[in-house]
Amino acid sequence: MCDDIIFCTKLGRAMPWFGMDIGGTLTKLVYFEPKDITPDEQDREAGILRNIRRYLTKNSAYGKTGHRDTHLQMDNVVIRKRRGSLHFIRFQTTDMGNFLSLAKQKGMAELVTTVCATGGGAFKFEKDFRDQVNMKLAKFDELDTLIKGILFADMHNSTECYYYENAREILKSEKRAFNFSQPFPFILVNVGSGVSILAVYGPDNYKRISGTSLGGGTFLGLCCLLTGCTTFEEAIQLATKGDNRKVDKLVRDIYGGDYNRFGLTGDLVASSFGQMHMTEKRQSVSREDLANATLVTITNNIGSIARMCALNEKIDKVVFVGNFLRVNPISMKLLAYAMEFWSNGTMKGLFLEHEGYFGALGCLLQFNGELAAALNEGLDHSNTPSTNPTHTTDAGGDPSTSSPSLTSDASDKPNDNTNSSSR
Ligand SMILES: Nc1ncnc2c1ncn2[C@@H]1O[C@H](COP(=O)(O)OP(=O)(O)O)[C@@H](O)[C@H]1O
Ligand SMILES: CC(C)(COP(=O)(O)O)[C@@H](O)C(=O)NCCC(=O)O
């Protein structure tokens with residue numbers, strides 16, 4: 001690997017250290033800024049490397065859609081015996097062309113020959129990286145890196161994990177730190193563009209048990225269609241001011257009150273968007289109501305699938321991550337409520353501060369051996385049998401049908417452990 005190295009340390013891989021998660025909507029970049037640079041290293045640090053370090057750490061906005069989430073910065077972190085800070089940066093995946101131009105312009109391409117990358121875009125954009133900036137991608141699986149990132153973040157940040165106290169009373173529920181030092185087993189629900197649900201039994205022992213295509217991308221897409229908004233932030237702002245009860249049909253709209261026999265209270269949603277077939281109801285709803293109903297619909301559906309997965313696996317901790325939860329306390333509180341209420345208090349919804357960055361973080365943490373393996377073997381999307389039976393996918397959409405069901409659940413699929421985790 002030292003051929004690639006400009007700033008080569010005896011202790012590990014060349015700087016700069018990045019992990020990149022190229023998702024369906026957002027690209028996440030985690031950058032390790034060394035803070036223990038000795039005077040000798042400073043003398044040897046190449047100009048380009050110094051410029052990249054300064055560019056990334058002195059700014060918090062880059063190009064059209066790039067942002068550094070300064071509130072998430074982790075200081076005083078030791079990785080491969082180097083002490084430094086972790087910076088968390090995101091941009092729209094549709095801006096990949098601009099990112100590559102910027103990388104070229106900043107001289108990155110001369111300095112870095114290999115980038116550790118995960119997410120679907122590590123496959124989709126591999127050729128663009130090679131052709132446009134002469135960079136190789138060392139590809140890692142997004143679910144492997146997701147778990148590695150979560151465990152690392154929790155170990156290094158005592159307030160990483162939290163839950164909502166008084167989850168049953170949404171208006172009163174409050175964020176509280178949760179001790180996640182004994183994490184296993186847990187259900188992991190990654191709400192990105194789509195949703196993947198895993199049962200995690202150990203650091204290297206998990207299976208993907210379910211998923212749904214109704215995820216963060218669905219919320220944003222539907223909200224843009226229904227309200228004319230153009231950004232996630234705007235969609236969430238609208239939703240915060242709206243009322244789903246003007247859009248949905250509630251149990252009380254059907255029963256005139258509670259449906260007592262099965263414990264369904266009158267204010268429960270019986271049918272999402274169920275009032276919108278009536279002309280005058282349609283005319284009286286606001287954009288805010290529609291945004292709120294869209295958020296509640298998507299969130300409740302995810303909560304319901306997650307709860308069934310937890311029940312099936314007999315696991316009581318359900319951890320929700322992914323950028324759908326960014327600046328989105330409505331969904332977090334609803335999910336916390338759903339876990340608590342529908343399980344009669346036996347399940348707990350948990351959340352993590354670095355919500356959408358764990359894949360990129362896990363990618364940055366890959367060590368030399370794994371990096372070499374990723375480069376040499378490559379991860380492909382063919383049906384190579386899994387070499388590690390503990391990373392299985394019991395389900396996840398049926399590749400043999402062109403119109404898969406909305407939820408791909410382990411329970412109605414043969415348990416085929418010979419599939420690799422990337423179908
Ligand atoms: N600034 C943003 N732009 C677009 N989507 C955002 C933004 N912030 C949060 N989101 C939400 O996060 C989802 C993407 O989550 P993420 O975990 O990054 O998934 P992916 O890896 O598929 O891009 C979007 O579908 C949207 O619901
Ligand atoms: C294909 C994906 C793993 C991609 O991850 P993402 O970029 O959405 O985070 C995810 O969108 C997903 O699991 N979708 C649901 C597919 C299904 O099980 O129906």
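In which strand of the protein is confidence lowest, and in which is it highest? In this predicted model, the lowest confidence falls in strand β1 (residues 7–9), where the mean pLDDT is 37, whereas the highest is found in strand β18 (residues 317–321), at 99. Strand β1 lies within residues 1–11, a stretch over which the pLDDT is below 50 and which nevertheless has 19 contacts in the model beyond near neighbours in sequence. A further stretch, residues 381–389, also stays under 50 in pLDDT, and for these residues the model has 16 contacts beyond four places in sequence. For the protein as a whole, the mean pLDDT is 86, with 83% of the residues reaching 70 or more. For the complex, the predictor reports an ipTM of 0.99 together with a pTM of 0.89.

The domain assignment divides the protein into domain 1 (1–151 + 360–373), domain 2 (161–246 + 285–352) and domain 3 (248–284). The centres of domain 2 and domain 3, taken over C-alpha atoms, are separated by 22 Å, and 11 residues of domain 2 are in contact with 13 residues of domain 3. The size of an interface is often given as the accessible area lost when the parts come together. Between domain 2 and domain 3 about 980 Å² is buried, of which 59% is on carbon and sulfur atoms. On the side of domain 2 that touches domain 3, the largest share, four residues, is contributed by helix α12 (residues 287–313), and by class this side comprises five nonpolar, four polar and two charged residues. Zero salt bridges are found across the interface of domain 2 and domain 3, while three residue pairs, with both residues at pLDDT 80 or more, are in polar contact between these two domains.

Although that interface has zero salt bridges, the overall count comes to 14. One of the pairs is formed by K175 and E353, whose closest N and O atoms are 3.1 Å apart. Because K175 lies in strand β12 and E353 in the loop between β19 (348–352) and α14 (358–364), this pair ties together parts that are 178 residues apart in sequence.

Two features of the backbone may also be noted. A cis peptide bond, with omega at about -10 degrees, joins F184 and P185, and P185 is located in the loop that runs between β12 (174–177) and β13 (186–191). Strand β12, which precedes this loop, is also the strand that holds K175 of the salt bridge described above. The second feature concerns N134, a residue other than glycine whose phi is nonetheless positive, near 55 degrees; N134 is placed in the loop between α6 (126–133) and β10 (136–139).

Definitions and conventions. Residues numbered from 1 in each chain as written. Chains lettered and ligands numbered in written order. Predicted model: local features only at pLDDT ≥ 70, side-chain atom pairs only at ≥ 80, totals over all residues. Heavy atoms only, no water. Domains from an automatic or database assignment. Contact = heavy atoms within 4.5 Å. Buried area = accessible area lost by both parts, 1.4 Å probe. Salt bridge = Lys/Arg side-chain N within 4 Å of Asp/Glu carboxyl O. Polar contact = N/O pair within 3.5 Å; in protein donor to acceptor, adjacent residues only side chain to side chain. Helix = DSSP H or I, 4+ residues; strand = E, 2+ residues; numbered from the N terminus. Nonpolar A, V, L, I, M, F, W, Y, C, P; charged D, E, K, R; others polar. pLDDT = per-residue confidence, 0-100.
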